[in-house]
Amino acid sequence: MTVDSTAAGTDAAGFAGLPRAKNQKVLIKSYGCQMNVYDAARMADSLGVEGYSETKDAGEADLVILNTCHIRERASEKVYSELGRMNEIKEARAAKGLSTVLAVAGCVAQAEGPELIRRQPAVDFVIGTQSYHQLPEALKRAAGGPAFVMTDFDTGDKFQQLVPPVAEKIKSRGVTAFVTVQEGCDKFCAFCVVPYTRGVELSRPARQIVEEVERLANAGVRDVTLLGQNVNAWNGGAGGPRAGLPGLFEKIAGVPGISRIRYMTSHPCDMDDGLIEAHRDMPALMPYLHLPVQSGSDRVLKAMNRKHRAADYVKIIERVRRARPDIAISSDFIVGFPGETQSDFEDTMRLVREIGFASAYSFKYSSRPGTPAADLPGHPDEAMKSRRLLELQILLEEQRRAFNQARVGTMTEVLFEKEGRHKGQIGGKTPHMQAVHAEGPAELIGQIRLVELAELGSNSFRGRIAGGTAP
Ligand code: SAH
Ligand code: SF4
Ligand code: F3S
């Protein structure tokens with residue numbers, strides 16, 4: 001990806017009135033969830049105004065930003081090995097007389113702050129998840145000064161101040177886009193770092209979100225995924241007859257060009273009637289629901305502070321399926337939570353069999369510093385966690401295959417998103433988020449077509465495009 005800095009603005013000064021860097025290059029490496037992908041795009045947009053174009057090559061980057069994830073130990077530790085590698089590149093560039101600014105952003109930045117600079121002195125600054133609008137100011141400070149940390153939560157409206165993307169940039173990112181509508185979490189599940197790394201729940205106002213979607217749609221985006229750590233707790237006041245998130249869906253569905261709306265991640269406790277009815281009533285709302293349950297054992301759910309029981313989850317899914325029978329249900333699972341017995345694990349397996357998931361993510365519990373679960377007794381050993389994870393994943397994979405297999409031979413609407421791996425092929429997604437590739441001209445990218453799902457491969461369908469355009 002490259003930022004078209006000439007298109008990004010023609011003012012004499014860049015963002016925040018700073019002199020614009022000339023022909024500078026930035027590498028932003030993102031880890032973790034979709035919110036980091038969204039944040040990386042917004043950082044790149046702000047830096048575009050400063051005269052930075054993006055590169056994928058660390059060797060030519062004047063600025064490197066590692067956009068990190070703290071969710072599990074392995075994700076967090078990866079940052080330090082990556083920083084070591086970047087330090088070597090920084091030294092090699094210095095030997096050629098080139099300077100490099102090395103920054104850490106994202107959830108590890110927010111959680112560890114000065115520790116990052118202590119463990120890797122090559123780091124020039126650490127910028128937390130709520131400070132990205134201060135990036136230009138950070139760059140100014142980094143020019144010559146000592147290393148510093150910017151991790152305050154209360155820094156004003158980040159979203160309002162971040163620079164919006166230019167049309168060329170949106171086009172280069174494709175016909176699907178993420179839009180963060182809610183950030184932070186007040187749920188405090190016992191295992192999770194997110195409430196500490198993203199702060200309290202905050203909803204962006206509807207007006208701001210709709211303006212952003214209009215800008216995206218004007219540049220060719222057809223499919224938006226509204227992001228939030230607890231997206232179904234969104235309360236940014238859409239106005240109109242539908243309250244909460246469905247009201248926002250309605251506004252977004254009214255934006256010319258937008259054909260598909262998705263949202264993630266939801267919490268079972270915020271799955272209200274209005275949202276369930278929206279799945280029945282709103283054609284633009286795609287039949288896909290990512291609703292993490294984590295465990296099928298009430299004992300474990302209680303210890304996790306999830307505030308719902310397994311039976312509540314089953315009831316919610318029943319209601320969702322009554323509203324939209326073909327909906328694809330997806331979830332996250334954690335195995336090996338402290339105190340999880342074999343019988344608790346079997347409850348999880350039973351719940352999975354009862355629901356039948358179209359897709360799922362499953363993880364071994366990872367103890368995170370500062371979370372209540374880290375201090376609980378009875379951490380299962382690694383071998384046990386691995387065994388349970390494997391057993392669960394085999395079942396979830398069977399269910400995923402069965403869900404996809406059942407659609408072989410059917411006609412479905414596919415939004416084509418990109419060229420395929422082979423010449424003459426294009427790739428897209430079904431409403432259920434299944435990947436499809438088909439023989440077809442590149443002009444169909446950005447269009448929705450009826451496609452026969454002819455054959456199921458390991459990760460995608462081979463489709464045959466039918467004549468005519470889907471509605
Ligand atoms: N807000 C979302 C997602 C949070 S993070 C939610 O409420 O579900 C994404 C997933 O990572 C979680 O759903 C959980 O399954 C997993 N996860 C979070 N903390 C973890 C930990 N300490 N160890 C293992 N998996 C974890
Ligand atoms: Fe983490 Fe729980 Fe909040 Fe999700 S709801 S972000 S798992 S604390
Ligand atoms: Fe990771 Fe932060 Fe997302 S911890 S999962 S990048 S919210």
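A residue is counted as near a molecule if one of its heavy atoms lies within 4 Å of it. In the predicted model examined here, ligand 2 is by this criterion surrounded by C185, K187, F188, C189, F191, C192, V194, P195, N230, H267 and R306. When these residues are sorted by class, the shell around ligand 2 comprises 7 nonpolar, 2 polar and 2 charged residues. As to its location, ligand 2 sits in the second largest pocket.

Ligand 3 likewise sits in the second largest pocket, where the residues surrounding ligand 3 are C33, N36, T68, C69, H70, I71, C107, R198 and Q229. The shell around ligand 3 divides into 4 nonpolar, 4 polar and 1 charged residue.

R198, one of the residues that surround ligand 3, is also among the contacts of F153, a residue found in the loop between strand 6 (148-150) and helix 7 (158-161). With neighbours within four places in sequence set aside, F153 is in contact with Q110, T129, Q130, Y196, T197, R198 and G199. The relative accessibility of F153 is 38%, and F153 therefore counts as partly exposed, given that this term covers values between the limits of under 20% for buried and over 50% for exposed. Between F153 and Y31, which are separated by 122 residues in sequence, the distance in space is 21 Å from C-alpha to C-alpha.

A further group of features concerns strand 17, which spans residues 435-439 and has a covered face formed by V436 and A438, whereas A435, H437 and E439 make up the uncovered face of strand 17. Strand 17 runs antiparallel to strand 16 (residues 425-429), and the two strands are joined by 5 bridges. Strands 16 and 17 form a hairpin with 5 residues between them, and within the turn M433 has a positive phi of about 75 degrees. In the pairing with strand 19 (residues 461-465), by contrast, strand 17 runs parallel to its partner, and 3 bridges join the two.

H437 can be placed within both of these pairings. On the side of strand 16, H437 is the bridge partner of G427, while in strand 19 the residue that stands opposite H437 is R462. H437 itself belongs to the uncovered face of strand 17.

Technical notes. Residues numbered from 1 in each chain as written. Chains lettered and ligands numbered in written order. Predicted model: local features only at pLDDT ≥ 70, side-chain atom pairs only at ≥ 80, totals over all residues. Heavy atoms only, no water. Buried < 20%, exposed > 50% of the residue type's maximum accessible area, 1.4 Å probe, protein only. Helix = DSSP H or I, 4+ residues; strand = E, 2+ residues; numbered from the N terminus. Pairing = 2+ DSSP bridges. Contact = heavy atoms within 4.5 Å. 1 Å grid on protein atoms, 1.4 Å probe; cavity = no way out; pocket = protein on both sides within 12 Å on 5 of 7 lines; lining within 4 Å. Sits in = over half its atoms within 2 Å of the grid points. Nonpolar A, V, L, I, M, F, W, Y, C, P; charged D, E, K, R; others polar.
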